[in-house]
Each structure stands twice: as structure tokens, then as C-alpha cells.
Amino acid sequence: MQPTTRSKRTPPEPIACEHCGAMRQPRIVLRDDGTPYEIAGIPAFFGWEECPCPRAEEERRARAEAEARERAEARESAMRQAVEASGIPPRYRGAAHPWAQKMADDAANGQGFYITGPNGTGKTTLAMAAGLRLIEAGRKVFAVATYDLMDAMRSRKAEEREVFDRAASCHVLILDDLGKEASNTAYACERLFAIIDKRDKAMLPTIITSNYRLSEIAKNITEGAVGVAIASRLAASCKQVALEGEDRRLTSGQD
Ligand SMILES: [Zn+2]
């Protein structure tokens, strides 16, 4: 159904339905007063009336379904690419948790979260499931194991800068397993503080998972002032979520 060119001096002729041969009239656009809307003195028209015959109708229905399928596939493909780019690990790309949507909604409004609890209570599942909901809502999410982030910040300059910028400026940063990394260099800890500080000032939320409570996280990141500074920034900007319960990995195979 193409609007015809305006070069013709006269409105188009009716055309025959390819299925039943019935004539399809050009669609004239009428003004409020009932006269045809004109462009350069020629009645404006937009294609031809649809033929109501069953085969023409079937063809339109099939075309609409194919278009809807293509749109759904394009959406899924875009979602898949965004999830892959986010750093959410493959085993969590189907993660679901009853609290995920609420957490995602609050994070979308700038609320950070500090999820704590023993191993296997579903901390990472909750954080990643919220991350997936945020990606669905069009947010740029960067999920990274804290160990890998700290490790990247010891490496080559250009690469470090890239990771730092991404962690500092993405809509939602997910820092998995804070405090578990064993030997943080002083420099990496300062960079981590700088990331959290930049995010805090820009009101960009961070979702953190940790085996340690906020009250005990400082010394598990690093001894001294930087650890305390990181912990106090997190305390100010994150809502604390404590997960309890048996080790879910024993029954469900997921953290
Ligand atoms: Zn027809």
C-alpha cells in the first residue's frame, strides 16, 4: 500500500483485487466539510480501499502476523545483545526473583541496594534478575564481579580507563561479591572509591552483593581510611537488603 506519486495530474484509477477481481477504489482523504483534501489541486489519496474478500483478508492477517513476529524477534535480539553487553554472566541471564521488579523500579528512580546474606541465599540471583528488568526498561547496566573490577584497575592504562568510565557512568552498576577479593592494591581501592563517589554525586544507583554486612565491609575491602570511606558512601546511598535462609545452591544449583 504505497501513497502514489504526486506527479500525476489526475487521481489514480481503481485497481482490481488480485484474488477476486473486485475493484478497489482509491482512498480519498476528506476534509471536515466533506470535500476531498487536495495537494496541488489534486485530491490527496492514500492507497486503495482493502478488498473484503476472504483471501485478501487472509493475506492481510498473515502479513500482520509476520510483521508482529519480526518486531518481537527484533525486540528479543536487542534484549539478548544488551544482556550480553551488560556483563551479566550466562548462568544468570534467565534469573528471576520475587523482589526483582520492585528493586528494578526503585533502582530506576535512583535507589541503590546493598544485598547481604550468607552464601547461597540468592543475593546474586536477586541482583542479576533486577539487572535484567532494568535492561528491559532500557537502562544501561554494567554487572561485574568486584574481583574482576579491582583486577582490571591494576592493568594497562587505556583498559583501566575504559572499565573505570563504564563503571562510573552506567545507569546501574551491579557489583557482585564485594569484600571477597583477597588482596586489593591501595590504588585499586582508591579507584573503587572514586567510582562509588562519582556515582553517588551523579545520583546513579549501585546494586551490591556481599557476604559481609555494611558494618563489617570496610576492613574486608581494605585496611584504613579508604575502606571506611567506601563503606560510609554505600551506607548513605544504598538500602540494605538482608537475605537469610538455607543454602539454595544445595537444592536449586543457583546462588
Ligand atoms: Zn478480493
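Here is a short tour of the charged contacts and the nonpolar core in this predicted model.

Residues are numbered from 1 along each chain as its sequence is written, and side-chain values use heavy atoms, without hydrogens or water. Local features need pLDDT of at least 70 and side-chain atom pairs count only at pLDDT 80 or more, while totals for chains, interfaces and linings use all residues.

Let's start with the salt bridges (a side-chain nitrogen of Lys or Arg within 4 Å of a carboxyl oxygen of Asp or Glu). The count comes to 11, and the table shows some of them.

| Pair | Closest N to O |
|---|---|
| E58 and R61 | 3.0 Å |
| R191 and E160 | 2.8 Å |
| R161 and D165 | 3.1 Å |

R191 sits in helix α6 and E160 in helix α5, so this pair ties together parts that are 31 residues apart in sequence. Both R191 and E160 are buried; buried means under 20% relative accessible area, exposed over 50%, and partly exposed in between (1.4 Å probe, protein chains only). Helices and strands here are DSSP runs (H or I, at least four residues; E, at least two), numbered from the N terminus.

R161 and D165 share helix α5, 4 residues apart. R161 is partly exposed at 43%, and so is D165 at 32%. Through shared partners, salt bridges also join E58, R61 and E65 into one network.

Now for the interior: the largest nonpolar core (buried Ala, Val, Leu, Ile, Met, Phe, Trp, Tyr and Cys joined through side-chain atoms within 4.5 Å) has 29 residues, and Y114, L149, L173, L178, L192 and L234 touch the most other members. Helix α6 gives the most to this core, with 5 residues.
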